[in-house]
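Trainee: Could we walk through this one together, pockets, helices and odd residues included? I'll ask, you reason it out.

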Amino acid sequence: MTLPTSTTTSTDIATTAATTAAATPPANSIILTGDRPTGPLHLGHFVGSLRDRVAYQHQYRQFVMLADSQAMTDNMDDLGKVHRNVVEVALDYLAVGIDPAKTTVFIQSQIPELTELTFYYLNLVTVARLERNPTVKAEIVLRGFERDIPAGFLTYPASQAADITAFKANMVPVGEDQIPMIEQCNEIVRKFNRIVGRDILVEAKAFVPEVGRLPGIDGKAKMSKSLGNTINLGASPDEIRAAVRNVYTDPLHLKVSDPGHIEGNVAFTYLDAFDTDKDGLAEMKAHYQRGGLGDSIVKKRLEGILQEMLAPIRTRREEFAKDPAYVMQMLKEGTIKAREVAAATTDEVKKALGLSYF
């Protein structure tokens with residue numbers, strides 16, 4: 001199957017949003033990135049990673065992982081959730097313009113070498129060090145685990161180190177809250193290389209996009225599937241309209257004549273991310289701040305931009321969804337390619353550890 005035809009190209013989709021992508025990675029970069037398949041992707045994913053991936057695939061070797069094994073660490077009570085969302089997330093990838101001919105898209109659980117590497121790396125890190133990882137600590141609090149922490153969840157830094165090093169990725173796009181994970185990965189890399197006496201594994205750099213996480217439409221937290229405060233990439237026009245209507249603005253802006261505040265105003269945060277008319281947006285901000293501009297006008301502008309931006313993505317998604325066999329074949333082929341790379345690295349690791357006998 002060939003890609004569905006569309007009047008909108010992947011490059012168009014990647015550059016629809018106004019904000020400049022992160023600084024360009026070095027020319028020799030190998031990029032690893034991915035998502036937990038626990039639900040459809042949303043605008044936060046688009047700003048934080050997806051549009052950059054579409055741009056990067058034309059310049060770098062890029063691996064994109066559907067982290068279904070990792071998603072199991074806190075979803076063992078709902079196995080179907082992870083399984084069914086593998087295809088949903090893959091559809092989102094294709095819809096925004098990720099090209100399987102240029103980007104290797106693969107399923108984590110189908111590469112057993114990643115589990116094997118994790119097992120070896122667990123001998124290079126202590127439980128105390130895992131518990132001190134700021135990202136892990138924050139996630140434990142967020143999920144209310146207290147001391148009832150699933151072992152797989154606690155040891156995720158070692159698993160992520162396996163994911164990164166298996167592909168010898170030297171650039172990993174992440175949010176600022178994930179930087180401690182990359183730091184711990186590099187600790188494992190340095191310790192392994194020191195033990196075996198040569199540099200086999202490669203250190204990675206955390207690559208933070210210039211635009212951080214988008215807040216949820218409620219303004220209270222990051223945009224998150226689990227919090228239900230998202231606008232999904234495949235949202236219908238009515239769903240977009242309803243979500244924008246509920247976007248948090250300035251609670252002190254009670255009358256149109258009142259001066260409004262921009263900071264913390266989610267409507268303007270989204271406009272900053274997606275409005276390409278920066279001069280017009282600057283005029284709207286000034287008008288809002290001095291008073292005389294209603295929230296409904298701001299939201300009308302925002303809705304128009306989001307409707308225009310998401311329409312081609314939704315159309316492409318619907319076209320790909322008509323052929324689930326193609327989507328699964330794409331994932332199968334990408335996983336085979338990824339496994340070849342991971343297996344080669346695992347062989348190197350085993351030989352260095354003296355675990356190659358035949």
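Trainee: Which residues form one aromatic cluster with Tyr56?

Mentor: Keep in mind that this is a predicted model. There are 9 aromatic pairs in the structure. Tyr56 belongs to an aromatic cluster, and its partners there are Tyr60 and Phe207.

Trainee: Tyr56 makes me curious about cavities. What volume does the largest cavity have?

Mentor: Cavities of 30 Å³ or more number 2 in this structure. Tyr56 is one of the residues nearest the centre of the largest cavity, along with Gly48, Ser49, Asp52 and Pro173. As for its volume, the largest cavity comes to about 40 Å³.

Trainee: And which element gives the largest share of the lining of the largest cavity?

Mentor: The lining has 10 residues, and by class they are 5 nonpolar, 3 polar and 2 charged. One element supplies 5 residues, the largest share, and that is helix 2.

Trainee: On to the open spaces. Which residues lie nearest the centre of the largest pocket?

Mentor: The largest pocket has a volume of about 1,500 Å³. Its lining takes in 50 residues, split into 19 nonpolar, 17 polar and 14 charged. Nearest the centre you'll find Arg36, His45, Gln178, Arg213 and Lys222.

Trainee: Which elements each supply at least two residues of that lining?

Mentor: Helix 2 turns up here too, as residues 43-56. Two strands are on the list, strand 1 (30-35) and strand 4 (171-173). The helices that go with them are helix 2, helix 7 (134-143) and helix 9 (156-166).

Trainee: Which element gives the most to the lining of the second largest pocket?

Mentor: That pocket has a volume of about 240 Å³. Its lining holds 16 residues, with Ser69, Leu114, Thr115, Thr118 and Ser159 closest to the centre. Helix 3 (68-71), helix 5 (112-121) and helix 9 each give two or more residues. The top contributor, with 4 residues, is helix 5.

Trainee: How many residues of the lining of the second largest pocket are polar?

Mentor: Go through the classes one by one. There are 5 nonpolar residues and 1 charged residue in this lining. The polar count is 10.

Trainee: Helix 3 came up there. Why does alanine 71 count as buried?

Mentor: Alanine 71 sits in helix 3. Its C-alpha is 11 Å from that of valine 86, 15 residues away along the chain. Buried means under 20% relative accessible area. Alanine 71 counts as buried because its relative accessibility is 0%.

Trainee: What about phenylalanine 153, buried or exposed?

Mentor: Phenylalanine 153 is part of helix 8 (residues 151-154). Its C-alpha lies 5.1 Å from that of threonine 73, although the two are 80 residues apart along the chain. With 7% relative accessibility, phenylalanine 153 counts as buried.

Trainee: Lysine 168 looks odd. What phi does lysine 168 have?

Mentor: Lysine 168 is in the loop between helix 9 and strand 4, and at 24% relative accessibility it counts as partly exposed. Most residues other than glycine have a negative phi. Lysine 168 is not a glycine, yet its phi is positive, at about 50°.

Trainee: Aspartate 177 is in a loop as well. How far apart in space are aspartate 177 and alanine 273?

Mentor: Aspartate 177 falls in the loop between strand 4 and helix 10 (179-196). With 30% relative accessibility, aspartate 177 counts as partly exposed. Aspartate 177 and alanine 273 are 96 residues apart in sequence, and from C-alpha to C-alpha the distance is 20 Å.

Trainee: Now helix 14. Where does its kink lie?

Mentor: Helix 14 runs over residues 295-321 and reaches 36 Å from first C-alpha to last, close to the expected 39 Å. The kink is about 30°. Look shortly before proline 312 and you land on leucine 310.

Trainee: Last one: which residue takes a positive phi just after helix 15?

Mentor: Helix 15 has 29 residues, 324-352. Its reach of 42 Å is close to the 42 Å expected at 1.5 Å a residue. Just after it, the residue with a positive phi of about 80° is glycine 354.

How values were computed. Residues are numbered from 1 along each chain as its sequence is written. This is a predicted model: local features need pLDDT of at least 70, side-chain atom pairs count only at pLDDT 80 or more; totals for chains, interfaces and linings use all residues. Side-chain values use heavy atoms; hydrogens and water are left out. On a 1 Å grid over the protein atoms alone, a cavity is a set of points where a 1.4 Å probe fits but cannot get out, and a pocket is an open set with protein on both sides within 12 Å along at least five of seven lines; lining residues have an atom within 4 Å of a point. Grid points are joined across faces, edges and corners, and a volume is the space filled by probe spheres set on the points. Ala, Val, Leu, Ile, Met, Phe, Trp, Tyr, Cys and Pro count as nonpolar, Asp, Glu, Lys and Arg as charged, and the others, Gly among them, as polar. The expected span of a helix is 1.5 Å times one less than its number of residues. The bend at a residue is the angle between axes fitted to the seven residues ending there and the seven starting there. Rings of Phe, Tyr and Trp (its six-membered ring) pair if their centres lie within 6.5 Å; planes under 30 degrees apart count as stacked, over 60 as edge-to-face and the rest as tilted. Buried means under 20% relative accessible area, exposed over 50%, partly exposed in between (1.4 Å probe, protein chains only).
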